[in-house]
Amino acid sequence: MPKKIILLGATGSIGASAVDVVRTHRDDFTIVAVSAYRSREMCEAIAREFGAKAYVGEEAALRAVEENEADICLVATVGMFGLRPTVAAIEKGMDIALATKEVMVMAGEFVTALAKRRGVRFLPVDSEHSAIFQCLQGAGNSTVDKLILTASGGPFLDGPADLSGVTVEQALNHPRWKMGPKVTIDSSTMMNKGFEILEARWLFDVPVKDIEVVVHPESIVHSLVTFVDGSTMAQLCPPDMRVPIQYALSWPDRLPAERAKLDLAALGKLTFRAPDPVRFPCLRLVKEACELGGCAPAVLAAADEWAVDAFIKGRIGYTDIAKVIEETLERAPRIEMTSLDDVFESARWVETHLKLL
Ligand code: MG
């Protein structure tokens, strides 16, 4: 029997890659429902192709989960829209193939505890977390010394250290991955990598102090795990989101696929370096939010969402993004995370607070 999949956020770039994976493995996977926020035509076309139900609009993702049964819910919605549907899918006992970072960033403490209670698994879709997940297969408990997340470094890795004059066009010009505008800007500030630290912290239950970031511009090594015996394992492949998506869906199996395979001799060399803390202050802000605990990471993510939007609309400068986040973190009330409502309350506080700016 093919695995039944609900695909939330079907019309984004992850959604398109997921559809491609399912299309080439029809004996293994079937899509039963798809949701999109806006693109009705595209969403309905996907639904037609797979004989699935289509849901479009604000409550689409939640309804797709509530009205359908599946083995796996692939969450690839934009930002906070992923939270309620993810919780609903966990409640219904579906495994979660997770592409929407905000779910772990904003509500990791809550959703991982809930998933544990319900006996539901998180299957990482993010390339870095898929790499770590793959390296951890067969590893025993308490064998991890540290996780090493690789980062492409984005468009501002080299060049002038003063980034205050960066334009929206420059920030949207990512050298490796084609993604939506929010995540592309987040990659340029390395906030995306910061979010991935939080995501790894909750997905793999490893403290933030044991998670490192290393810049690797070639984006071939997708992340690594160092074990207590001094051995380090890495996962490598040419950048292609279909690889981690397919693994999340096929796990614990691997399925064959016609796509570019690694050619180390053609690559010649792979390079690594430490991220520059002055150029990329967002990495420090993530660690601070994590130390504050409770809903502070949700505040961080909500402030970033506001700041990136304000930057894209030309209301603030590029380096103001980190400043806005830092200032918001300092002022936000400390809220413990006991439910999803605490997360939404924190996000609402951020929105109200920043509206006054
Ligand atoms: Mg990533």
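Q: What phi does G93 take just after helix 4?
A: In this predicted model, G93 has a positive phi of about 85°. The residue sits just after helix 4.

Q: What makes helix 4 (residues 83–91) count as mostly covered?
A: Buried means under 20% relative accessible area. Seven of the nine residues of helix 4 are buried. They are L83, P85, T86, V87, A88, A89 and I90.

Q: Why is helix 8 called roughly perpendicular to helix 13?
A: Helix 8 (residues 181–189) packs against helix 13 at an angle of about 100°, and the axes are 10 Å apart. Angles from 65 to 115 degrees count as roughly perpendicular. The angle of about 100° therefore makes helix 8 roughly perpendicular to helix 13.

Q: Which residues make the contact between helix 8 and helix 13?
A: Helix 8 gives P181, K182, I185 and D186. Helix 13 gives D304, E305, V308, F311 and I312. By class, five are nonpolar, four are charged and none is polar.

Q: Which members of the largest nonpolar core touch the most other members?
A: L74, L249 and L300 do, in a core of 126 residues. Helix 13 (residues 296–312) supplies the largest share of this core, twelve residues.

Q: How do you know that this core lies between domain 1 and domain 2?
A: Domain 1 (3–125) and domain 2 (292–357) both give residues to the core, so it lies between them.

Q: What is L74 in contact with, leaving aside neighbours within four places in sequence?
A: The partners of L74 are I5, I6, L7, L8, I14, A18, A97, I245 and L249. Contact here means heavy atoms within 4.5 Å.

Key
Residues are numbered from 1 along each chain as its sequence is written. This is a predicted model: local features need pLDDT of at least 70, side-chain atom pairs count only at pLDDT 80 or more; totals for chains, interfaces and linings use all residues. Side-chain values use heavy atoms; hydrogens and water are left out. A nonpolar core is a set of buried Ala, Val, Leu, Ile, Met, Phe, Trp, Tyr and Cys residues joined through side-chain atoms within 4.5 Å. Buried means under 20% relative accessible area, exposed over 50%, partly exposed in between (1.4 Å probe, protein chains only). Helices (H or I, at least four residues) and strands (E, at least two) are DSSP runs, numbered from the N terminus. Domain bounds come from an automatic or database domain assignment. Axes are lines fitted to C-alpha atoms, for helices over the stretch in contact, and angles run from 0 to 180 degrees between N-to-C directions. Angles under 35 degrees count as roughly parallel, over 145 as roughly antiparallel, 65 to 115 as roughly perpendicular and the rest as oblique. Ala, Val, Leu, Ile, Met, Phe, Trp, Tyr, Cys and Pro count as nonpolar, Asp, Glu, Lys and Arg as charged, and the others, Gly among them, as polar.
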